[in-house]
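Thanks for making the time, everyone; I would like to walk you through one part of a fold this morning, starting from a single strand and working outwards. Please have the sequence and the structure in view while I talk.

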Amino acid sequence: MPKQSYEKILFLLTSLRGTTLVVPHSAADVDAVASAVSLAKLIKATPVLLDKPSAQARKVLAYAGVSLPVEKNLSFADNLVLVDFNSPQLAGGRKKELLDAKNVICIDHHSHSDKFEDAVLFIDESKCSCSEIILDLYK
């Protein structure tokens with residue numbers, strides 16, 4: 001993906017106003033959790049979980065001394081940035097809540113046919129993980 005595309009999405013992310021939550025998919029794996037934590041730091045947002053992460057992700061978070069809350073209500077957020085996540089099917093039992101969200105940006109390394117309508121999609125299928133996309137945003 002061209003560097004200009006990364007520059008544009010980074011500009012959009014750093015220009016967000018109001019409350020921004022960075023949210024990985026349901027039952028977040030290590031890639032999703034690492035992406036949420038690192039992107040939230042980059043754009044000065046808050047990383048949260050939809051539900052309990054995978055066992056491996058819990059181990060990584062504990063080892064790193066990072067605590068991510070499970071946010072029971074996302075409706076207060078002005079912006080949701082979904083990482084490793086661009087399909088409502090990955091929302092677990094929270095699909096309707098995410099579909100009703102005001103401003104959604106999806107960053108992923110997978111393309112899905114079932115996407116969030118009206119969301120800004122940033123998909124780079126040349127990457128093996130979402131964490132690689134986030135790393136490139138730091139560069």
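**A strand and its surroundings**

Let me begin with strand β4, where V104, C106 and D108 point one way while I105 and I107 point the other way, and all of them are buried. I should say at once that this is a predicted model, so please hear everything that follows in that light. The pattern in β4 fits what one expects in general, because in a regular strand the side chains alternate between the two faces of the sheet. The strand itself spans residues 104–108 and is mostly covered, with 5 of its 5 residues buried.

Which strands, then, are joined to β4? On one hand there is β3, residues 79–83, which runs parallel to β4 and is joined to it by 4 bridges, with L82 standing opposite C106. On the other there is β5, residues 120–123, also parallel to β4 and also joined by 4 bridges, and here I105 stands opposite V120.

Stepping back, 5 strands make up an open sheet with parallel pairing, in the order β2-β1-β3-β4-β5. Because β2 (46–47) and β5 stand at the edges with a single partner strand each, one side of each is left without a neighbour in the sheet. Further in, β1, residues 20–24, pairs with β3 in the parallel sense over 5 bridges, and V22 stands opposite V81.

Helix α2, residues 30–43, packs on this sheet and touches β1, β2, β3 and β4, its direction making about 165° with that of β1. Helix α5, residues 130–138, lies across β3, β4 and β5, and runs at about 110° to β4.

Conventions
Residues numbered from 1 in each chain as written. Predicted model: local features only at pLDDT ≥ 70, side-chain atom pairs only at ≥ 80, totals over all residues. Heavy atoms only, no water. Buried < 20%, exposed > 50% of the residue type's maximum accessible area, 1.4 Å probe, protein only. Helix = DSSP H or I, 4+ residues; strand = E, 2+ residues; numbered from the N terminus. Pairing = 2+ DSSP bridges. Contact = heavy atoms within 4.5 Å. Axes fitted to C-alpha atoms, helices over the stretch in contact; angles between N-to-C directions.
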